[in-house]
Amino acid sequence: MATVAEDLSKSVADVAAKVAPSVVGVGAGGSGVVVGTGVVVTNAHNIRHEEVVVTFADGRRAEGRPAGVDVDGDLAVVSVDTGDAPVLPVAGAPVRMGDAVLALANPGGRAVRVSVGNVSATDVAFRGPGGRRVGGAIEHTAPLARGSSGGPVVDVAGRLVGIDTHRVGDGFYLALPAGEALQARVDALSRGEVPHRRRLGIAIAPPRVARRLRQSVGLPEREGLLVHAVEEGGPADRAGIRQGDLVVRVAGTDVTTVDELASTLEGTDTHATVEVFIVRGAEEITLGVDLGPDVAEKGAG
């Protein structure tokens, strides 16, 4: 009679064998998964060049190109010849807390790995590479080696339930949930349609640093966001916002966190001119900021 351990071992091995051909290495240190003919999904932070080498489970290597990269959402689609690599099917229902899951990866193409865990939480938020808040993630406990981000999380039937992003704390990992919303994002990125989010083009000093800097330059002790850097040519730069300014209000809304700033900007028209109230030394200034073209914003949610 087979033991429980033997049954579990066989189940994991069977799922791993089924899913492994769909798991790829991305570049020198990332993972990905085949979700369509010629389509590989990975994390945005794994994409560093205009061309990327994709390594398949059978050792074949192919040159791909990023079709679309959503930095804020940490999701990227790579267009590449997937050959005979099978498309990984998506689970029909979202996972629940406590569900058993398997995480697979092919770190930089150095062989497929598998680990087992369970869903420890759902609807978890994290910061994307650009500093913006990303909600709705799955937290799980399947251990991941370095280079596993972008690899698939699957259920016990070998169906895709998430795309791994990164480690959080001791023994916990986050994944973007699979489903209709993710599929819509993948379809848009496959067409080269990258989300254009409203931005000022500024970097915000962390709260503790901001307090010290405010004291050193004589700014009043009031709530706001201290500008640490201004991107050259961005909306804030064109409007005259400078390093050291304290952003107090945007479009009539008080802002004290990067999430409030991002939320306020998302509520405006893409090419709107918004009023930004700042404190500069002893001055209080209202500037009209033309959001204009999309720019890369650092640390502003």
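Visitor: What makes the contact between Asp99 and Arg96 a salt bridge?

Guide: A salt bridge needs a side-chain nitrogen of Lys or Arg within 4 Å of a carboxyl oxygen of Asp or Glu. For Asp99 and Arg96 the closest N and O atoms are 3.4 Å apart, so the pair meets the cut-off of 4 Å. Bear in mind that the model is predicted.

Visitor: Why is Arg96 called exposed?

Guide: The term exposed applies over 50% relative accessible area. Arg96 has a relative accessible area of 60%, and is therefore exposed.

Visitor: How many salt bridges does a search of the whole structure find?

Guide: It finds seven. One of them joins the side chains of Asp155 and Arg159, at 2.9 Å from N to O. That distance too lies within 4 Å, so the name applies.

Visitor: Is Asp155 buried or exposed?

Guide: Asp155 is buried, because its relative accessibility is 10% and the limit for buried is under 20%.

Visitor: What is its partner Arg159 called, and why?

Guide: Arg159 counts as partly exposed, because its relative accessibility is 37%, which falls between the limits of 20% and 50%.

Visitor: How do you know that Arg191 and Glu193 form a salt bridge?

Guide: Their closest N and O atoms are 3.0 Å apart, and the cut-off is 4 Å, so the pair qualifies. Arg191 counts as exposed because its relative accessibility is 55%. Glu193, at 42%, counts as partly exposed.

Visitor: What is notable about the backbone just after H2?

Guide: Gly192 takes a positive phi there, of about 85°.

Visitor: Which residues of helix H2 are buried?

Guide: In H2, residues 180–190, the buried ones are Leu182, Val186, Ala188 and Leu189.

Visitor: Why can these buried residues be said to line one face of H2?

Guide: Seen down the axis of H2, they fall within an arc of 165°, so they line one face of the helix. As background, an α-helix has 3.6 residues a turn, so residues three or four places apart point the same way.

Visitor: Which strands do the buried residues of H2 pack against?

Guide: They pack against strands S2 (30–36), S3 (39–42), S5 (61–70), S6 (75–79), S11 (160–167) and S12 (173–177). Packing here rests on contact, with heavy atoms within 4.5 Å.

Visitor: In what order do the strands S1 to S6 close into a barrel?

Guide: The order is S1-S2-S3-S6-S5-S4, with antiparallel pairing. The twist averages 40° from one strand to the next. H2 packs on this sheet, where it touches S2, S3, S5 and S6, and its direction makes about 50° with that of S6.

Visitor: What makes S4 and S5 a pair?

Guide: Two strands pair if there are at least two bridges between them. Strand S4, residues 52–55, has four bridges to S5 and runs antiparallel to it, so the requirement of at least two is met. Within this pair Thr55 stands opposite Arg61 in S5.

Visitor: What is the strand order in the closed barrel that contains S7?

Guide: This barrel of six strands runs S7-S8-S9-S12-S11-S10, again with antiparallel pairing. Its twist averages 50° from one strand to the next.

Visitor: How do you know that S7 and S10 pair?

Guide: They share two bridges in the antiparallel sense, and the rule asks for at least two, so they count as a pair. In S10, Val154 is the bridge partner of Leu102. S7 also pairs with S8, in the antiparallel sense, over six bridges; there Ala103 has Ser115 of S8 as its bridge partner. S8 (residues 113–127) is in turn joined to S9 (residues 133–140) by five bridges, and the two run antiparallel. Val124 has Ala137 as its bridge partner in S9.

Visitor: Why is strand S7 described as largely enclosed?

Guide: Five of the six residues of S7 (residues 100–105) are buried, so the rest of the structure largely encloses the strand.

Visitor: What share of the residues in the chain is buried?

Guide: Buried residues make up 49% of the 301. The chain has five helices and 18 strands, and its C-alpha trace spans about 80 × 40 × 30 Å along the principal axes. About 14400 Å² is exposed, with carbon and sulfur atoms supplying 52% of it.

Conventions: Residues are numbered from 1 along each chain as its sequence is written. This is a predicted model: local features need pLDDT of at least 70, side-chain atom pairs count only at pLDDT 80 or more; totals for chains, interfaces and linings use all residues. Side-chain values use heavy atoms; hydrogens and water are left out. Buried means under 20% relative accessible area, exposed over 50%, partly exposed in between (1.4 Å probe, protein chains only). The arc is that of the directions from the helix axis to the C-beta atoms. Axes are lines fitted to C-alpha atoms, for helices over the stretch in contact, and angles run from 0 to 180 degrees between N-to-C directions. Accessible areas come from the Shrake-Rupley method with a 1.4 Å probe; for residues, only the protein chains shown count as cover.
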